[in-house]
Amino acid sequence: MRTLNTARSLAMGGAFLLALGLPLAVAPQAQGVELRGWNIHVPDYPVSHGMEQFIAEVAEKTDGRVTGEVFHGGVLGSQPDAIEQLRLGAIDFAVFSLGPMGQAVPEANVVSLPFIFKGIDQMYSLMDGAAGDAIGEGMLDKGIVALAWYDAGARSFYNSVRPINSPGDVEGMKVRVMNNDLFVGMIESMGGNATPMAFAEVYQSLRTGVVDGAENNPPSYESTNHYEVAKYYSISEHLIIPECLCMSKISWDRLSAEDQEIIRVAARASAETQRELWQARERQSMDTVVAGGTVVNQIADKAPFQDSMSAVYDKFLEQNPDLTDLVNLIRLSD
Ligand code: BDP
């Protein structure tokens, strides 16, 4: 199969030699390496274009020593599974939301605290600086090399029942969340019932009433057609969760220092493209959903939502006292 890269087959051969008690002498990157990339999104999506640019630039700049293929649309599995696959080296690179990443990497959870960032620009500068470095270190400890941060805008609530204007409007609602206990706490603190669920299952669940609503940024709400089955989109912008273009440490360690540097540079360049595409796609997606019948409301007063999240913060800091500094680094910056 095309996806089984040379390095991986060498490693498997190595395991075989070891099993036979024979010496193992596999030179890193002896031949071309083909990387397998995981992506949850459809091919025409800012993340997908960023990943395609990344792997094309890597192939070009390494003169074909490192090539790869991106598997779009979540065909390689759900995000929580793919994070584990990447840590094991079965998937070489991916763009993950830091939302589900928090279950494996506690530092990543800091950006899943509701309303922690004041806006997208602040998120960019913190992620490209000290906060991103701290989260990247936490990821590295878990076998994930963070290469660059992608934008995923701000997430808002949508549902098939009514516009949301206050936390009380969420009461009794069944709301799908990404796989992370923090998001369960977030919905429960407003009196809703949270259902962690894979992204791919949300459309059917909304359609059949298994859940009443979910929350996401406009491009995901649009590209998944959720707007067809949940027509109230209420702009709460309660979560600004960046995404990570990252690589398996197992795959990374097989590459030469020169190719690792090429990969880092290509990753950052792809993030610049992705961030630009993101801004345009957000506007385009809002136009599409409104034309498709979505009823959009701007939540005038977000303070009651922010206030209702204090229990989420208290619990998080109680369970992760060592992350207090990182939380404060973000909360106290402008
Ligand atoms: C999208 C993210 C994607 C998540 C998805 C979700 O880009 O990584 O899997 O939300 O809600 O915005 O699961």
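Let's start at one residue and work outward: Pro218 is found in helix α9. This is a predicted model, and Pro218 makes a good entry point to it. Is Pro218 buried or exposed? With 26 other C-beta atoms within 10 Å, Pro218 is buried, since the cut-off for that class is 20 or more. Leaving aside residues up to four places away in sequence, Pro218 touches Gly153, Glu282, Ser285, Met286 and Val289. You can also look from Pro218 to Arg283: the two are 65 residues apart in sequence, yet their C-alpha atoms are 8.3 Å apart in space.

A short step along the chain brings in Pro219, and with it Arg281. Arg281 has its place in helix α11, which covers residues 257-291. The C-alpha atoms of Arg281 and Pro219 are separated by 6.4 Å, although their positions lie 62 residues apart along the chain. Beyond residues up to four places away in sequence, Arg281 touches Pro46 and Pro219. Arg281 counts as buried because 24 other C-beta atoms lie within 10 Å.

Now step back to the whole protein. It holds 14 helices and eleven strands. Its C-alpha atoms fill a box of roughly 65 × 45 × 35 Å along the principal axes. How does the radius of gyration fit the chain length? A compact globule of 334 residues would have a value near 20 Å, and the protein has 21 Å, so the two agree. Of those 334 residues, 46% count as buried. Contacts that reach far along the chain are well represented too: among those between residues at least 6 apart in sequence, 76% join residues at least 24 apart.

The next thing to find on your screen is the division into two domains. Domain 1 takes in 31-151 + 241-281, and domain 2 takes in 154-240 + 293-331. Their centres, taken over C-alpha atoms, are separated by 24 Å. Where they meet, 32 residues of domain 1 are in contact with 26 residues of domain 2. Which helices of domain 1 supply this side? At least two residues each come from α3 (79-88), α4 (98-101), α5 (120-127) and α6 (130-141). By class, the side of domain 1 that touches domain 2 has 20 nonpolar, ten polar and two charged residues.

Both domains also take part in the surroundings of the ligand. The shell around the ligand draws at least three residues from each of domain 1 and domain 2. Which residues should you pick out there? They are Ile40, Gln79, Ser97, Ala152, Met178, Phe199, Asn216, Asn217, Ser220 and Glu243. Sorted by class, this shell has four nonpolar residues, five polar ones and one charged.

Another residue to visit is Gln103, in the loop between α4 and α5. Not counting residues up to four places away in sequence, Gln103 touches Pro80, Asn179 and Asn180. Gln103 is partly exposed, because 18 other C-beta atoms lie within 10 Å. From Gln103 to Leu140 is 37 residues in sequence and 15 Å in space, C-alpha to C-alpha.

Two further loops deserve a look for their backbone angles. Most residues other than glycine have a negative phi. Asp63, however, has a positive phi of about 55° although it is not a glycine. You will find Asp63 in the loop between α2 (46-61) and β2 (66-71). Asp63 counts as exposed because it has 9 C-beta neighbours inside 10 Å. Asn225 is also not a glycine, and its phi is positive at about 65°. Asn225 sits in the loop between α9 (218-223) and β9 (232-239), so following α9 onward from Pro218 leads you into this loop. With 14 C-beta neighbours inside 10 Å, Asn225 counts as partly exposed.

Finally, a word on confidence. The protein averages a pLDDT of 93, and 91% of the residues score at least 70. Over residues 1-27, pLDDT stays under 50, and the model has 21 contacts beyond four places in sequence for them. Where pLDDT is low, the predicted coordinates should not be read in detail.

Notes
Residues are numbered from 1 along each chain as its sequence is written. This is a predicted model: local features need pLDDT of at least 70, side-chain atom pairs count only at pLDDT 80 or more; totals for chains, interfaces and linings use all residues. Helices (H or I, at least four residues) and strands (E, at least two) are DSSP runs, numbered from the N terminus. The radius of gyration is taken over C-alpha atoms; the globule rule is 2.2 Å times the number of residues to the power 0.38. A residue is buried if 20 or more other C-beta atoms lie within 10 Å of its own, exposed if 12 or fewer, and partly exposed in between; C-beta atoms are placed from the backbone. Two residues are in contact if their C-beta atoms, placed from the backbone, lie within 7 Å. A residue is near a molecule or strand if its C-beta atom, placed from the backbone, lies within 6 Å of it. Ala, Val, Leu, Ile, Met, Phe, Trp, Tyr, Cys and Pro count as nonpolar, Asp, Glu, Lys and Arg as charged, and the others, Gly among them, as polar. Domain bounds come from an automatic or database domain assignment. pLDDT is the predictor's confidence in each residue, from 0 to 100.
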